[in-house]
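Colleague: I am new to this structure and would like a close look at one part of it. Please begin with the surface, and then connect that part to the rest.

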Amino acid sequence: MKIKKFLEKYSEKPPSTFSRLFITFLFGILPFTIIFGLLTIAGIEPVTLNGKDYYGFAGLLVLLIATPITASVFAIFIYLYLLIGFLMLNGLKKLLVR
C-alpha cells in the first residue's frame, strides 16, 4: 500500500517543469553575469567568444546573449534527465499498481 501511494504521488508530471528549470538556472547564472559584465566594461577581464576577446559594451552584449543560451542548455539537459526518470517511474507504476 505504501508503494502505491508513493507511485501515485510522484508519477505525476508537475506542470511547467521546463520553465521552472529555465528560470532557476537563469537567476542562478545572473550574479556571475553581472560580475563579469562589470569586469568587462571596466576593461579588467575580457569575454572570449570563438577565440576573440571582447571588452566594454561588446563584451557585455556577448554576456547578455550567452546567459539565456547557457540557461536553456542546462534546463534542456536536466529536463531530459527528469523526463527519463518520470517515464521509468510511470512504467513502474503501470507494472505494480493495478
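Modeller: The part to start from is a nonpolar patch on the surface, formed by Leu 61, Ile 65, Ile 69, Val 73, Phe 74 and Phe 77. Together these residues have about 590 Å² of accessible area. The model is predicted, and every value here is computed from it. One member of the patch, Phe 74, is found in helix H3. Phe 74 has a relative accessibility of 39%, so it counts as partly exposed, the range for that class running between 20% and 50%.

For the setting, the protein has 98 residues, and 19% of them count as buried. The protein exposes about 7,500 Å², with 74% of that supplied by carbon and sulfur atoms. Three helices and two strands make up its secondary structure, and along the sequence they come in the pattern α-α-β-β-α. Among contacts between residues at least 6 apart in sequence, 65% join residues at least 24 apart.

Helix H3 spans residues 56–96, and several links tie it to helix H2, which spans residues 17–41. One of them is aromatic. The structure holds two aromatic pairs. In one of these, the ring centres of Phe 18 and Tyr 79 are 5.9 Å apart and the planes stand at 85°, so the pair is edge-to-face; the angle for that class is over 60 degrees. Phe 18 belongs to helix H2 and Tyr 79 to helix H3, so that the pair links distant parts of the chain, 61 residues apart. Phe 18 itself counts as partly exposed because its relative accessibility is 33%.

Further along helix H2 is Thr 33. With a relative accessible area of 8%, Thr 33 is buried, the limit for that class being under 20%. Setting aside neighbours within four places in sequence, Thr 33 is in contact with Leu 63 and Thr 67. The C-alpha atoms of Thr 33 and Leu 63 are separated by 6.5 Å, although the two residues are 30 apart along the chain.

Leu 63 appears again in the surroundings of Thr 40, another residue of helix H2. Thr 40 has 0% relative accessibility and therefore counts as buried. Not counting residues up to four places away in sequence, Thr 40 touches Glu 45, Pro 46, Val 47, Tyr 54, Tyr 55, Gly 56, Gly 59, Leu 60 and Leu 63. Two backbone oxygens lie within reach of its side chain. The side chain of Thr 40 reaches the backbone oxygen of Glu 45 at 3.5 Å, and a polar atom of that side chain lies 3.3 Å from the backbone oxygen of Tyr 54.

Among the residues that Thr 40 touches are Val 47 and Tyr 54, and these numbers lead to the two strands. Strand E1 covers 47–49 and strand E2 covers 52–54, with Asn 50 in the loop between them. Asn 50 is exposed, with a relative accessible area of 79%, whereas Thr 40 is buried. The backbone of Asn 50 also deserves a remark. Most residues other than glycine have a negative phi. Phi of Asn 50 is near 55°, a positive value in a residue other than glycine.

Key
Residues are numbered from 1 along each chain as its sequence is written. This is a predicted model: local features need pLDDT of at least 70, side-chain atom pairs count only at pLDDT 80 or more; totals for chains, interfaces and linings use all residues. Side-chain values use heavy atoms; hydrogens and water are left out. Helices (H or I, at least four residues) and strands (E, at least two) are DSSP runs, numbered from the N terminus. Buried means under 20% relative accessible area, exposed over 50%, partly exposed in between (1.4 Å probe, protein chains only). Contact means heavy atoms within 4.5 Å. Accessible areas come from the Shrake-Rupley method with a 1.4 Å probe; for residues, only the protein chains shown count as cover. A polar contact is a pair of N or O atoms within 3.5 Å; within protein, one must be able to donate a hydrogen and the other to accept it, and residues adjacent in sequence count only if both atoms are side-chain atoms. Rings of Phe, Tyr and Trp (its six-membered ring) pair if their centres lie within 6.5 Å; planes under 30 degrees apart count as stacked, over 60 as edge-to-face and the rest as tilted. Patches are made of residues with over 30% relative accessible area and no salt bridge: like charges are joined within 9 Å, nonpolar side chains (Val, Leu, Ile, Met, Phe, Trp, Tyr) within 5 Å. A salt bridge is a side-chain nitrogen of Lys or Arg within 4 Å of a carboxyl oxygen of Asp or Glu.
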